[in-house]
Amino acid sequence: LAPFKSAAIVRVDTWHGGTTVPIRPVPARNSATGSHFFASVSVDVATGSVWFVPFEAGLLVRVNESNNLVDTFSDWPDEVNADPCFYGSAIDRRGVLWLVPYNAAAIVSVTIRGADVGRMRAHALPSLSKSSSLFIGCGYDRHRDVLWLIAHTSPSLVKVDTVSGLAEIAPTQWPAELGSGFPLQIYKFCEGCVTPGGQSLWMVPYSSKLPVRLDFETEA
């Protein structure tokens, strides 16, 4: 379990009656009372590692599933070092972890396999009219190696080519049912999920009137 305000990372053994095991106190660069530490988790099945993505923790944390060993990474690129605040993540087909910027000034990719584990790279965001609380969650199109960032206060979706690292504003038009003022609406969605076949992304409404489905092939 990713501790948002909890004092510890907790592992739940779902095979043996839901036994809970505190892993250790929350490791955090920013450990002030009231901090919101982690808001999302990605699991790398290939290596048996669980990655905890920092909201206000300031550290990226890896927990080894086999022995509960904890490692931390904080060599942030200059572009995001002042506020490495993310909400959401995905692991692409090449074994790279992508962090979705909430208040961070750039997208960050992290090498999570091989000799360069923990190496981070920043990828510039396109020009947007908002600069904080931008995105909340993502959807990874594994067929096209494209990461879609789900708009929170951002006026539009952003698509990221996970091979080149290039990010651009998506051409997608919001459905008319959401109203003409929807692009400027704040807190549009709260996370989302990719369909089992990996063909589309459903975005969960927060202040949006309706859930929205994005078709990966048509981008509409």
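## The second largest pocket

In this predicted model, the lining of the second largest pocket consists of 11 nonpolar, two polar and two charged residues. The space in this pocket amounts to about 250 Å³. Its lining has 15 residues, and those nearest the centre are Leu 1, Val 10, Arg 11, Val 50 and Glu 65.

Four elements each give two or more residues to this lining: strand 1 (8-13), strand 3, strand 4 (49-54) and strand 5. Strand 1 gives the most, with four residues.

## The largest pocket

The largest pocket holds about 300 Å³ of space. In general, empty space is found by rolling a probe the size of a water molecule over the atoms. Of the 16 residues that line the largest pocket, Ser 89, Ala 90, Ile 91, Cys 138 and Tyr 140 are nearest to its centre. Two or more lining residues come from each of strand 3, strand 7 (86-91), strand 11 (135-141) and strand 15 (189-194).

Strand 3 makes the greatest contribution to the lining of the largest pocket, namely five residues. By character, the lining of the largest pocket comprises eight nonpolar, six polar and two charged residues.

## Ser 42 and its contact

Which strand holds Ser 42? Ser 42 is located in strand 3, an element that also gives residues to the lining of the largest pocket. Is Ser 42 buried or exposed? Because its relative accessibility is 7%, and buried means under 20%, Ser 42 counts as buried.

The side chain of Ser 42 makes a polar contact of 2.6 Å with the side chain of Ser 89. Ser 89 is itself among the residues nearest the centre of the largest pocket.

## The four-stranded sheet

Strands of a sheet pair through backbone hydrogen bonds, in either a parallel or an antiparallel manner. Here, an open sheet is built from four strands in the order 3-4-5-6, with antiparallel pairing. Strand 3 (38-44) and strand 6 (70-73) are the edge strands, and each of them pairs on one side only. From one strand to the next, the twist averages 20°.

One pairing in this sheet may be followed in detail. Strand 5 (residues 60-64) is joined to strand 6 by four bridges in the antiparallel sense. Within strand 6, Val 70 stands opposite Val 63.

## The three-stranded sheet

Another open sheet has three strands in the order 15-16-17, and its pairing is antiparallel. Why does one side of strand 15 and of strand 17 (212-215) lack a neighbour in the sheet? Both strands stand at the edges and have a single partner strand each, so one side of each is left without a neighbour. Neighbouring strands of this sheet are turned against each other by 25° on average, with direction ignored.

Strand 16 (residues 200-205) and strand 17 run antiparallel and are joined by four bridges. Trp 202 has Arg 213, in strand 17, as its bridge partner.

## A buried proline in a loop

Pro 77 lies in the loop between strand 6 and strand 7. The loop thus named follows an edge strand of the four-stranded sheet, strand 6. Since the relative accessibility of Pro 77 is 11%, and the limit for buried is under 20%, Pro 77 counts as buried.

How many residues separate Pro 77 from Met 120 in sequence? The two are 43 residues apart in sequence, while their C-alpha atoms are 6.6 Å apart in space.

Definitions and conventions: Residues numbered from 1 in each chain as written. Predicted model: local features only at pLDDT ≥ 70, side-chain atom pairs only at ≥ 80, totals over all residues. Heavy atoms only, no water. Pairing = 2+ DSSP bridges. Axes fitted to C-alpha atoms, helices over the stretch in contact; angles between N-to-C directions. 1 Å grid on protein atoms, 1.4 Å probe; cavity = no way out; pocket = protein on both sides within 12 Å on 5 of 7 lines; lining within 4 Å. Points joined across faces, edges and corners; volume = space filled by probe spheres on them. Nonpolar A, V, L, I, M, F, W, Y, C, P; charged D, E, K, R; others polar. Buried < 20%, exposed > 50% of the residue type's maximum accessible area, 1.4 Å probe, protein only. Polar contact = N/O pair within 3.5 Å; in protein donor to acceptor, adjacent residues only side chain to side chain.
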